[in-house]
Amino acid sequence: MLANVVMWQGMPQNDWVGVFPNQSMNAFSTLFYFFYKDFREFGVACFSFLFGSICGFIYFKAFIERKSKYLVYYLLGVQAIIGSFMIWQLGSTAFFLSIVFIILSLKSKKS
């Protein structure tokens, strides 16, 4: 099963997709590859808006309300945006696992 996950993660870099007539692109060509591939222009507009809204909310919590636990999420968001210039970070298994581990480690303990 892990081999299938690794193969699936590598597909955007290895398999090019026809986006325009006579023009193929891969994950390195655009930040919105999965949004476009799954839902075309609608996906790019809606999911980019959603991603931006989440980033704005986290920025507000981290810097305006000064809640320190949101700083970690902010740094992950910055990594996702900057890293997307090279490869789409939200499709990376390591990035996804880092989010899961941060959520588990920052979860407040109820007594």
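This tour moves through a few selections in a predicted model, starting with a group of charged side chains and ending with a helix.

Begin by selecting E65 and K61, and show their side chains, which meet in a salt bridge with a nitrogen-to-oxygen distance of 3.2 Å. The two partners differ in how far they are covered: E65 is partly exposed, with a relative accessibility of 34%, whereas K61 has 14% and counts as buried, because buried means under 20%.

Keep E65 in view and add K67 to the selection, since the side chains of K67 and E65 also meet in a salt bridge, here at 3.5 Å from N to O. K67 has a relative accessibility of 38% and is therefore counted as partly exposed. With K61, E65 and K67 displayed together, you are looking at one network, joined by salt bridges that share partners. The count of salt bridges comes to 2.

Next, select residues 69-83, which make up helix 3 and number 15. At 1.5 Å a residue, helix 3 should span 21 Å, and the C-alpha atoms at its ends lie 22 Å apart, which agrees with that expectation.

Within helix 3, colour Y70, Y73, L76, G77, A80 and G83, which are buried. Now turn the view until you look down the axis of helix 3: the buried residues fall within an arc of 155 degrees, so they line one face of the helix. As background to this view, an α-helix has 3.6 residues a turn, so residues three or four places apart point the same way.

Methods
Residues numbered from 1 in each chain as written. Predicted model: local features only at pLDDT ≥ 70, side-chain atom pairs only at ≥ 80, totals over all residues. Heavy atoms only, no water. Salt bridge = Lys/Arg side-chain N within 4 Å of Asp/Glu carboxyl O. Buried < 20%, exposed > 50% of the residue type's maximum accessible area, 1.4 Å probe, protein only. Helix = DSSP H or I, 4+ residues; strand = E, 2+ residues; numbered from the N terminus. Expected span 1.5 Å × (residues − 1). Arc of directions from axis to C-beta.
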